[in-house]
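Good morning. I will take one strand first, then the core, then the contacts between chains. Please have the sequence and the model open.

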Amino acid sequence: MATAAFPASEREHYLNKDYGIRSWLLTTDHKRIALLYLLSITFFFFIGGFFALLIRLELLTPAGDLVQADTYNKLFTMHGQVMIFFFLIPSIPAVLGNFLVPLMIGAKDLAFPRINLLSWYLYIIAGVMMLHAMLTGGVDTGWTFYTPFSTAFSNTRVIEAGLSIFVAGFSSILTGLNFVVTIHRMRAPGMTWSRLPLFIWALYATSIIQLLGTPVLAITLVLVVLERAFHFGIFDPTQGGDPLLFQHLFWFYSHPAVYIMILPSMGVVTEIIACFSRKRIFGYKFVALASIGIAVLGFLVWAHHMFVAGISLYSALIFSILSYLVAVPSAIKVFNWTATMYKGSISFSTPMLYAFGFIGLFTMGGMTGLFLACLGVDVHVTDTYFVVAHFHYIMVGSAVMGYLGGMHFWWPKISGRMYPEGWGRLAALTVFIGFNLTFFPQFILGYMGMPRRYWQYPPEFQILNVLSTAGSTILAVGYVLPMVYFLWSMRYGKHATDNPWGAAGLEWKTASPPPTFNFDEPPQVSWEAYDYEHIPAPEEVPVAR
Amino acid sequence: MFQNFPLWPISASTMSGRVDALFIFLLVVCGFMTIAIFVLILFFAARYRRRPGFEAEQIEGSNALELTWSIVPLAIFMVIFTWGAVIYFQGRTPPQGADEIYVVAKQWMWKLQHEGGQREINELHVPVGRDIKMIMTSQDVIHSFYVPAFRIKQDVLPGRYTTAWFHATRAGTYHLFCAEYCGTQHSGMIGQVVVMEPAQYEAWLAGGTSGAPLAVTGQKLFAELGCSTCHRSDAQGRGPDLDGVFGKPVLLEDGRTVTVDEDYVRESILSPAAKVVKGFKPIMPTFQGIVSEEQVNALVAYVKSLAQPPPGQATRSANLAAPQTHTEQVH
Amino acid sequence: MSEHIVSRKLYVAIGTTLLVLTATTVGIAFINLGPFNTIVALSIATAKALLVILFFMHVKYTSEKMTRVVIVAAVFWLLLLLALSMADYGTRLWH
Amino acid sequence: MHDSSAAVETHSPALRHHFADMEQQRDAASLGMWLFLSTEIMFFGGLFCAYLIYRYLHFNDFAAASQTLDIRLGAINTGVLILSSLTVALAVHAAQKGQRKPLVGYLLATLVLGLVFLGIKGVEYADKFEHHHVPGPSFHFESVPVKGHAEMPPAESSHAELFFSLYFAMTGMHALHMIIGIGLFSVLTFFAWKGRYTPEYNTPIENAGLYWHFVDIIWIYLFPLLYLISRHH
């Protein structure tokens, strides 16, 4: 449809439509809100990353020498809270999802643009509360807020942090609500469910979790606050309450929350693999249904975080077997991605390198998940570095790989510029190597028996900790690099064409960057998803010799 | 700089071998599947790399393949699940006749007490080759009793008992970690389990100062706190007779039946009106805040001792009346 | 959403039924039915809730399938939460 | 789904630019509201889950504590809330017919009924404070048998405190929703009086109505769960 007849700098698009701080802070344009989110989550990502580096530095030696024990406890708590609630959960949905959902389904905007802006403001309010809590003493409960430590024993700013996450939860709920309504109601004529990009399916599944899981976390945090502030005794054993009930309610949200982080990433990777293999996704229907399956089954497994917590033997059996069920749709996805590459025409552009990295790390993270779902092994490895390594493989290895892959893939559409390909590949490789160096040793540490959240540790664990810390510095470089060259490219990058990758999907049929209302004329869809046979591969995409 | 750099934890209990075997099985199966996927991806990436003149071949999918790679993994998963469940079941079922250790966790130390009355802090001496069962509770927040060398871990909760057990197979000194984050000095809540040959263990038992067996301490408390004025063995008391009730079901005032276990005795001391035995009035005062966790343990041990050797009462009095020389080892 | 307009009389009838059901549930609470007290009370509450959903909230008249899907899904998820947590508490005392 | 070419171009002033037509806009708003209510179900669901588990664990204590609630005030409040749901339904009816004055009247009636509910709730709360039935350091509970009935099972004071913790959390959250609803309806009343709502455009009234009915349904469950435990003793 729209072609860049003239360079982006001369054409009106969403970035240059109007200028000034008001035009951004009061915007209801989903693309601008996506950029507001991009800035905010990047800010929190680097705060969380800074905490992570301090943690790794402290663990360089067995003695607690860099920071005090209390400080260390606050560091890992705030690292977790910031990374989970202020980076990972909003990352792909609020940035790439916000930007792409209307574009991919051929709509002018999300169904509720003002609610979309509200959800960003809620996020910011929550973020400010969290920063305030950090600066006025911090929180030391662990991101899990386990009672009765959080309600009766911690002397830190639990109430403020809890309310902050409560508000952030509403931001997340509103984003999910907006997506579900948009996907149901705003699709362009001809954009049937079976023609939706799988990224949309993944976000739809994610939104279901956000809608039905987040409120349970919200009420649980309210109960913690009531207990701390007004001596309600709902989780207090001295009043006949049960601290395990807190864990049940907490994990009812927080296990599915892992899928809030990973499902969108799976969606991104699906788009990338199709594009750079130039193929329709193998088993489209199964990949789509696997997303929904993960969202639903993900709600049935929460107590596998509690196998040694004192739950009944029989419920442990139930939750263990259900945990294996949720592994099946994840396996289906991995196999389908692999099969998509079969007889493809594969190029190794930066997004594809991230996708490879994603599959690798996700496979390892998923496989070690089988260890943790296995009752007999879980008893030994739960609450050790094995768990730490496992969830970082999923939530950092895979989720952030997918996020970065998606940022590279859609950067030309978002900014209208190309990033430097060589640097892009270098960064992808650095992240992959740095990540494995940081977290693989932690699997061994965990099986050796090193408990998590330890400020000091017995000396026999040192060498693996040193390896891990060394890896984390490489990882840090890998994460800073893209930020630098993305910024660079905004000014010096080559202008992007409308469809630099030769990708399928409606978002590539409008200009880069898109006009404010996305499409010059309302699109009519008459083709299937991933119709790569009808799209020529572009010359820009690097070809192996 | 780095003294001993092992890659595998020491194995020192009957459980460790079982867990290791399953772990190795998982490593092999999952390792194989992971490598297979990696090899396939690398092979496709190389074999089908973009070259001039080669077009991708569009393939819709294959239901047969989808079914295969859903059902085959699921079958493997079920094997893993079953194997893991068996081991877990063993870990959660302490064998009959195990020696009992009462554990009280608090910020940030482990207090352990043997049936014979020996107290220890952050150190547990046990003989090799015997079943040891821990009956654990916490004074404040949630802790977790973790001995990597035994491959056992169990959270220790305030307000109730949880149990764990092990059967040490190798003498030596092993880490005892707190594995559930519990505040400032969580990482300092480390102790050790000293597993000794039986002869040395006997020597250790004899080495310390004397202390009464736990049940005897409990019996004294029972009298001092005035429990014995109501809980009399002549069936005339205002409270139920406690002789021989432990381990048996009792009928409650509200019609339910519960088994008298450690948790029930504990609850009856601390929240006496919660589960009142049929035919009695809820007149017992609570002992919450009056007795310490250790004293509750002693009382539980006493009530338990009342049910022990069933044949004849003689054994019972003999059991308690003759305190042998026991040790008090506080570190 | 279809613009089906319900008559005012029907609304008043539903409101009256709800009041009568409230009186009924209070009355029944004072009769000893053993465990059935709870069951009856919850059944009456569910009947009342259904009346509100179907008539006051127009679900009976809407042509929109999604409304029903959303309600059923939310109730189903709530039951998941209740059932799976009770799976723990209900079996704690089994040996 | 929405064939925009088939849709008649209705340029209502209330149509927002990104929707193809009023029907799409109304459908989106309705679906959005129902999704929001589904999150509300799960929000209260966490409380219901806690309630269910503790009632199962400490049934007698819950029964004894429940006896101290005033069943008359609870029942009257249930009636008040049902009446308010009725006036809301009638308000939506009036809005659909474009009758301005009845609409304002029903909205005002709803506001009054909502305030009556909160007033009665306030009386009940005050009573709890007087009897030291508010959880916290000054909590005090003795399982005094209700008049003439000595066979009430014994109650553990700490478990009764748990009941009251849940009572205040559940009714408090419900009351908070009522307060939000009253705020919402005040605004709607103002705009209704200004004549903003027409038979074509009354989505705000409809959606606020859905919210109010939902809050009513929560109370329909809270009433038997909190007030009607073992009343036959």
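Which residue in β5(B) does B:E100 stand opposite? B:E100 faces B:K133 there. Keep in mind throughout that this is a predicted model.

Let me stay with that strand. β1 of chain B covers residues 99-106. On one side, seven bridges join β1(B) to β5, residues 131-138 of chain B, and these two strands run parallel. β1(B) also pairs with β2, residues 109-114 of chain B, through six bridges, and here the strands run antiparallel. In that second pairing, B:K106 has B:M109 as its bridge partner. Two residues lie between β1(B) and β2(B), and the strands form a hairpin.

Why is β1(B) described as largely enclosed by the rest of the structure? Six of its eight residues are buried, so the rest of the structure largely encloses the strand.

Now the core. In soluble globular proteins, nonpolar side chains tend to be buried together. In this model, the largest nonpolar core has 393 residues. The members that touch the most other members are A:I105, A:I200, A:C374, B:V103, D:A91 and D:L166. Helix α3 of chain A, residues 69-105, supplies the largest share, 23 residues. Chain C takes part as well: domain 1 (1-63) and domain 2 (64-95) each give this core at least three residues.

Take D:A91 as an example. Leaving aside residues up to four places away in sequence, D:A91 touches D:L103, D:Y106, D:L107, D:T110, D:I205 and D:G209.

Next, the contacts between chains. Between chain B and chain A, the contact takes 76 residues from B and 79 residues from A. Which element gives the most to the side of chain B? That is α2(B), with 16 residues. By class, this side of chain B has 44 nonpolar, 19 polar and 13 charged residues.

Chain C also touches chain A, with twelve residues from C and 13 residues from A. The side of chain C has eight nonpolar, two polar and two charged residues.

Last, confidence. The predictor gives the complex an ipTM of 0.92 and a pTM of 0.93. For chain D, the mean pLDDT is 88, and 90% of its residues reach 70 or more. Residues 1-10 of chain D have a pLDDT below 50, and in the model this stretch has twelve contacts beyond near neighbours in sequence.

That is the end of my part.

Notes
Residues numbered from 1 in each chain as written. Chains lettered and ligands numbered in written order. Predicted model: local features only at pLDDT ≥ 70, side-chain atom pairs only at ≥ 80, totals over all residues. Buried ≥ 20, exposed ≤ 12 C-beta atoms within 10 Å, placed from the backbone. Helix = DSSP H or I, 4+ residues; strand = E, 2+ residues; numbered from the N terminus. Pairing = 2+ DSSP bridges. Core = buried A, V, L, I, M, F, W, Y, C linked by C-beta atoms within 7 Å. Domains from an automatic or database assignment. Contact = placed C-beta atoms within 7 Å. pLDDT = per-residue confidence, 0-100. Nonpolar A, V, L, I, M, F, W, Y, C, P; charged D, E, K, R; others polar.
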